[in-house]
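Please look over the chain shown here. The paragraphs after it go from the overall fold to a single covalent link.

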Amino acid sequence: QVQLVESGGGMVQAGGSLRLSCAASGRTFSSYAMGWFRQAPGKEREFVAAISRNGGVTYYAESVKGRSTISRDNAKNTMYLQMNSLKPEDTAVYYCAAREVGTASTTISASSLYNYWGQGTQVTVSS
């Protein structure tokens, strides 16, 4: 089992940057494929980015591709999402998610396949 805690959210002007962190408990962080999702008011939760358990494979939603970088440090049990050139439409609560997988290169974009979630961190981008 793993517990996830997001941090790094806040309010930023359009064009600015933020780095979100997701700290995981437990000693088997490297066994988990990880992902970032977001949910804006009145909208469904949507996929943002995913990373394989070894960090070697990443996958992005088209809406953030080229502006965001997902990464992880298995020694620190932490995953990151660097977001640049932020837009007002990036405003949402951002969640990290984890699923234990057997294959090192697996990435997961479907929220239904994740079984561990953090509590979320608010990102607000003003125009």
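**Overall dimensions**

The chain has 127 residues and a radius of gyration of 13 Å, which agrees with the value near 14 Å for a compact globule; the radius is taken over C-alpha atoms, and the globule rule is 2.2 Å times the number of residues to the power 0.38. This is a predicted model, in which local features need pLDDT of at least 70 and side-chain atom pairs count only at pLDDT 80 or more, while totals for chains, interfaces and linings use all residues. Residues are numbered from 1 along each chain as its sequence is written, and side-chain values use heavy atoms, with hydrogens and water left out. Along its principal axes the C-alpha trace spans about 40 × 25 × 25 Å.

The chain contains 11 strands and zero helices (DSSP runs numbered from the N terminus: E, at least two residues, for strands; H or I, at least four, for helices). Of the contacts between residues at least 6 apart in sequence, 62% join residues at least 24 apart, where contact means heavy atoms within 4.5 Å.

Buried residues account for 44% of the chain (buried is under 20% relative accessible area, exposed over 50%, partly exposed in between, with a 1.4 Å probe and protein chains only).

One disulfide is counted, a disulfide being a pair of cysteine sulfur atoms within 2.5 Å. Cys22 and Cys96 form this link, with their sulfur atoms 2.1 Å apart. The pair connects distant parts of the chain, 74 residues apart: Cys22 lies in strand S3 (residues 18–24) and Cys96 in strand S9 (residues 92–100). The link is right-handed, with 60° about the S-S bond. Cys22 counts as buried because its relative accessibility is 0%, and Cys96 is buried, also at 0%.
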